[in-house]
Amino acid sequence: MSRIGIMGGTFNPPHNGHVHAAQQAVKALRFDRLLLIPDNVPPHKVLPHGSADSEQRLEMTRRMAAEIPGAEACDIELKRGGRSYTADTLRALHKTYPGADFFLIIGTDMLLTLDQWREPETLCTLAAFAVVARDEDDRRAIADKAAWLEKTWQARITVVDCPALPVSSTQVRADRALCREMVPPAVYAYIEQQGLYF
Ligand code: ATP
Ligand code: MG
């Protein structure tokens, strides 16, 4: 039975926090493969002016994947079009990889808002969760929410035991020096080549 890790995101742009979360989840949960999935139109946010387009986000996701052994970029949500719902993606992936176990790698913000995702209860049957703290101060909130989700929807949650690496795409888009420091070099080279963000 294969174990497949999934990390979804807008990846606008991918940064070292994403790489760190993915690497630590791989180390803790030993996936056979890891799919990095850029979303099409994120259901929960509007992309800021000057953002990378879908093709650019996919290319940056490929470059991030090259940093992580066993990882590959997956364009299933971009190809499907429309709003990207993780439940739809997981149903499709269960068909592609029958019998596989799926693990969604998410940061604190996504865990805390899980009940606002589409079909949260079904989602808990389609995949387990690997949660990575985005900030050291998140740990209490993560533990409380995980306990509630386990009790209410029988969610299967692993809190990955690793230090937090607090950085966001929003911060990186606002500060070129921070961007150079906090995104993988191949991603930064692409940002410069395409004239993104700055
Ligand atoms: P933005 O600021 O544009 O929202 P972001 O940094 O939050 O960008 P997303 O693409 O929205 O990045 O996040 C994709 C996934 O990666 C989410 O599950 C998010 O919680 C997680 N994530 C993002 N940054 C980190 C980080 N520094 N540590 C752990 N998980 C992270
Ligand atoms: Mg975000």
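A residue counts as buried when its relative accessible area is under 20%, as exposed when that value is over 50%, and as partly exposed in between. Let us keep that scale at hand while we walk through this structure, which is a predicted model. A good place to try it is Ala133: its relative accessible area is 5%, so Ala133 is buried. Ala133 belongs to the loop that links strand 5 (128-132) to helix 7 (139-153). Its C-alpha atom is separated by 8.0 Å from that of Val159, although the two residues are 26 residues apart along the chain.

A second loop residue brings together parts of the chain with a wider spacing in sequence. Pro184 sits in the loop between helix 9 (176-182) and helix 10, and at 2% relative accessibility it is buried. The C-alpha atoms of Pro184 and Met64 are 6.8 Å apart, with their positions 120 residues apart along the chain.

Now let us turn to the ligand. Around ligand 1 there are 22 residues, and the closest of them are His15, Asp109, Leu165, Ser169 and Thr170. By type, this shell holds 8 nonpolar, 10 polar and 4 charged residues. Several elements each supply at least two residues to the shell: strand 1 (3-9), helix 1, strand 4, helix 5 (108-112) and helix 8 (169-173).

Which side chains make polar contacts with the oxygen atoms of ligand 1? His15 offers an N or O atom of its side chain at 2.9 Å from a ligand oxygen. For His18, the corresponding distance from a side-chain N or O atom to an oxygen atom of ligand 1 is 3.0 Å. Arg134 also takes part, with a side-chain N or O atom 2.9 Å from an oxygen of the ligand. As for the cover on the ligand, the protein hides 92% of the 600 Å² of accessible area that ligand 1 has on its own.

His15 deserves a second look. This residue lies in the loop between strand 1 and helix 1, and it is buried, as its relative accessible area is 3%. Besides its contact with the ligand, the His15 side chain reaches the backbone nitrogen of Ser169 at 3.4 Å. Ser169 is itself among the residues closest to ligand 1.

Next come a few backbone details. Most residues other than glycine have a negative phi, and most peptide bonds are trans. With that in mind, look at the bond joining Asn12 and Pro13: this peptide bond is cis, with omega at about 0 degrees. Pro13 is in the loop between strand 1 and helix 1, and that loop also contains His15.

Two residues have a positive phi. Arg30, which is not a glycine, has a phi of about 55 degrees. It is found in the loop between helix 1 and strand 2, and with 59% relative accessibility Arg30 counts as exposed. Tyr197, also a residue other than glycine, has a phi near 70 degrees. Tyr197 is located in the segment after helix 10 (185-194), and its relative accessible area of 16% makes it buried.

Finally, consider the aromatic rings. The model has 4 aromatic pairs. One of them is formed by Phe31 and Phe103, whose ring centres are 5.4 Å apart; their planes meet at 45 degrees, so the pair is tilted. Phe31 is in the loop between helix 1 (16-29) and strand 2 (33-38), while Phe103 is in strand 4 (residues 101-107), so this pair ties together parts that are 72 residues apart in sequence. Which side of the burial scale do these two rings fall on, buried or exposed? Phe31 is buried at 11% relative accessibility, and Phe103 is buried at 11% as well.

Another pair joins Trp148 and Trp153. Here the ring centres lie 5.4 Å apart and the planes stand at 75 degrees, so the pair is edge-to-face. Trp148 is partly exposed, with a relative accessible area of 35%, whereas Trp153 is buried at 16%. A last ring to visit is that of Tyr85: the charged end of Arg118 sits over it, 4.0 Å from the ring centre.

Definitions and conventions. Residues are numbered from 1 along each chain as its sequence is written. Chains are lettered from A and ligands numbered from 1 in the order in which they are written. This is a predicted model: local features need pLDDT of at least 70, side-chain atom pairs count only at pLDDT 80 or more; totals for chains, interfaces and linings use all residues. Side-chain values use heavy atoms; hydrogens and water are left out. Rings of Phe, Tyr and Trp (its six-membered ring) pair if their centres lie within 6.5 Å; planes under 30 degrees apart count as stacked, over 60 as edge-to-face and the rest as tilted. Helices (H or I, at least four residues) and strands (E, at least two) are DSSP runs, numbered from the N terminus. Buried means under 20% relative accessible area, exposed over 50%, partly exposed in between (1.4 Å probe, protein chains only). A charge sits over a ring if NZ of Lys or CZ of Arg is within 6 Å of the ring centre and within 35 degrees of the ring normal. A residue is near a molecule or strand if one of its heavy atoms lies within 4 Å of it. A polar contact is a pair of N or O atoms within 3.5 Å; within protein, one must be able to donate a hydrogen and the other to accept it, and residues adjacent in sequence count only if both atoms are side-chain atoms. Accessible areas come from the Shrake-Rupley method with a 1.4 Å probe; for residues, only the protein chains shown count as cover. Ala, Val, Leu, Ile, Met, Phe, Trp, Tyr, Cys and Pro count as nonpolar, Asp, Glu, Lys and Arg as charged, and the others, Gly among them, as polar.
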